[in-house]
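Biologist: I would like to learn how to read contacts and ring pairs in a model. Could we take them one at a time?

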There are 2 protein chains.
Amino acid sequence: MNEKFFDLPQEKQERIINAGFRVFSRNSYKKSPVQQIADEAGISKSLLFFYFKNKKELFLFLMKKVEEITTQALLASKCYEASNIFDMMYLGLVAKVGIMKDYPDITNFSVKAYYDDDPDIRDDVRKIVQPYTKLETNRSIPPLDPKDFKEGIDLRLMYRDMYLASEGYIWQMSQTSVIDVKKMMQEYKEMIEFWRELYARKEDK
Amino acid sequence: MNEKFFDLPQEKQERIINAGFRVFSRNSYKKSPVQQIADEAGISKSLLFFYFKNKKELFLFLMKKVEEITTQALLASKCYEASNIFDMMYLGLVAKVGIMKDYPDITNFSVKAYYDDDPDIRDDVRKIVQPYTKLETNRSIPPLDPKDFKEGIDLRLMYRDMYLASEGYIWQMSQTSVIDVKKMMQEYKEMIEFWRELYARKEDK
DNA sequence: TTCGTCATTGACCGAATCGGTTAATACCAT
DNA sequence: ATGGTATTAACCGATTCGGTCAATGACGAA
């Protein structure tokens with residue numbers, strides 16, 4: 001790709017990236033017209049082909065961009081440093097919501113890209129995504145210390161409950177065109193505190 | 001449309017319907033080729049145009065089919081007759097999973113169709129979907145009697161928790177190509193019993 | 001076998017759309 | 001004006017699209 005792309009003002013870069021996410025998330029790779037991406041980005045198709053030598057290069061660039069954006073946001077959220085599962089989940093989802101505010105179609109794009117089996121891109125997508133899926137720590141249960149929680153609680157099911165509800169949250173958000181971030185955040189915060197009250201062992205010093 | 005479609009053997013009808021769900025769920029209306037639907041259904045494009053006079057008629061037929069399938073399955077599941085919220089949610093999701101076993105792409109199809117804003121179909125889709133969204137009872141909280149649940153539980157948040165987790169379940173299922181119905185059902189059953197133990201007031205006669 | 005009926009298809013059409021190229025233009029500092 | 005850079009309109013050959021229609025196949029009645 002043409003390195004001059006990175007010299008563009010940040011706002012223009014993001015406009016192009018978001019247009020790519022949007023168009024590729026609504027159609028398969030093959031059926032996504034470069035023309036439409038250019039239109040939604042407010043530039044000409046020719047210019048897009050000036051920065052990216054062809055459709056495939058643009059697509060794979062967007063794939064790598066997803067990884068970059070998410071890992072960076074999760075790191076910045078400090079969710080991995082949280083002292084308990086509730087704070088960890090909250091910080092994690094706040095980070096994801098923040099991402100979706102800036103890149104509304106990033107979730108649908110990555111899901112779509114992952115399951116696209118077009119021979120033109122399939123292998124390259126696997127190659128990019130592989131290291132990312134290996135550290136998929138969310139689905140499997142993280143190490144939890146029983147003494148942090150009320151007695152008689154099945155920690156496996158507790159975590160599954162919270163994980164699935166969080167997934168449901170993100171899914172709902174990804175389906176609505178206009179995202180009310182403030183409200184979503186507030187509602188999830190409520191949810192977390194509800195769980196904390198429900199599951200966590202009360203501290204008595 | 002040609003009424004002879006309904007004279008076809010059930011299996012062939014479903015093959016065509018599923019092919020339609022599948023193709024339309026992977027691309028926008030305009031970018032979904034009728035040819036591909038015919039291929040996946042194992043018939044010729046000409047025959048498809050014999051039963052449905054054009055692409056739009058086929059699409060709108062599928063839209064109505066979604067409504068028919070879901071309302072019928074939910075009614076048959078007797079989830080509305082359940083005596084408590086836990087059984088109700090369980091029966092409701094069992095019904096939805098059953099649908100997805102027969103029509104794996106129905107969820108993605110209906111979501112996609114709902115948000116497609118192609119002027120060719122937009123207005124007709126709204127017209128079909130409108131009465132269906134009005135009785136959207138799941139998102140809003142159903143009437144719950146506090147004396148059925150443990151004290152101190154915020155019933156609003158309790159329901160939101162269960163609703164979101166169920167959504168997360170369905171979303172996960174709709175994303176995986178091969179659906180292990182048995183396992184999914186079993187896991188959700190576990191989840192329900194976990195909630196019942198957690199939320200429901202113990203009966204002492 | 002022959003005929004007639006009806007389901008089904010291959011071949012075809014004009015129009016539209018695709019990814020990609022290129023020569024020309026707009027813009028701007030000197 | 002000049003030169004260089006960012007950006008585009010116009011264009012290309014190839015492909016794909018929705019839709020049509022004459023031809024084919026299957027099959028039972030005669």
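Biologist: Which helices each supply at least two residues of the surface near DNA strand D?

Modeller: This is a predicted model. The helices in question are α3 (45-51) of chain A and α3 (45-51) of chain B.

Biologist: Which residues come nearest to DNA strand D?

Modeller: There are 16 residues around the strand, and those that come nearest are Lys12(A), Lys31(A), Ser46(A), Lys45(B) and Lys55(B). Of the strand's atoms that come within 4 Å of the protein, 48% belong to sugar and phosphate.

Biologist: How many residues of each class does the surface near DNA strand D have?

Modeller: Sorted by class, six are nonpolar, five polar and five charged.

Biologist: What part of DNA strand D is 2.5 Å from the side chain of Lys45(B)?

Modeller: A polar contact is read from a pair of N or O atoms within 3.5 Å. For Lys45(B), a side-chain N or O atom is 2.5 Å from a base oxygen of DNA strand D. With Lys55(B), the partner is a phosphate oxygen of the strand, at 2.7 Å. The side chain of Lys4(A) also has an N or O atom 3.3 Å from a phosphate oxygen of DNA strand D.

Biologist: Now the rings. How many aromatic pairs does the structure hold?

Modeller: Over all chains there are 42 aromatic pairs. To read one, take the distance between centres and the angle between planes: under 30 degrees is stacked, over 60 is edge-to-face. Phe21(A) and Tyr103(A) have ring centres 6.1 Å apart and planes at 75 degrees, so this pair is edge-to-face. Phe21(A) is in helix α1 (residues 10-26) of chain A, while Tyr103(A) is in the loop between α5 (85-102) and α6 (106-115) of that chain, so the pair ties together parts 82 residues apart in sequence. Both residues are buried.

Biologist: Are the rings of Tyr159(A) and Tyr163(A) stacked or edge-to-face?

Modeller: Their planes are at 15 degrees and their centres 6.2 Å apart, so the pair is stacked. Both lie in helix α8 (residues 155-175) of chain A, four residues apart, about one turn of the helix. Tyr159(A) has 5% relative accessibility and counts as buried; Tyr163(A), at 8%, also counts as buried.

Biologist: Which residues form one aromatic cluster?

Modeller: Phe5(A), Phe6(A), Phe50(A), Tyr51(A), Phe52(A) and Phe61(A) form it.

Biologist: What sits over the ring of Tyr90(A)?

Modeller: The charged end of Lys189(A) does, 4.6 Å from the ring centre. In chain B, Lys189(B) lies over the face of Tyr90(B), at 4.6 Å from the ring centre.

Conventions
Residues numbered from 1 in each chain as written. Chains lettered and ligands numbered in written order. Predicted model: local features only at pLDDT ≥ 70, side-chain atom pairs only at ≥ 80, totals over all residues. Heavy atoms only, no water. Phe/Tyr/Trp six-rings, centres within 6.5 Å; stacked < 30°, edge-to-face > 60°. Buried < 20%, exposed > 50% of the residue type's maximum accessible area, 1.4 Å probe, protein only. Lys NZ or Arg CZ within 6 Å of the ring centre and 35° of its normal. Near = heavy atom within 4 Å. Polar contact = N/O pair within 3.5 Å; in protein donor to acceptor, adjacent residues only side chain to side chain. Nonpolar A, V, L, I, M, F, W, Y, C, P; charged D, E, K, R; others polar.
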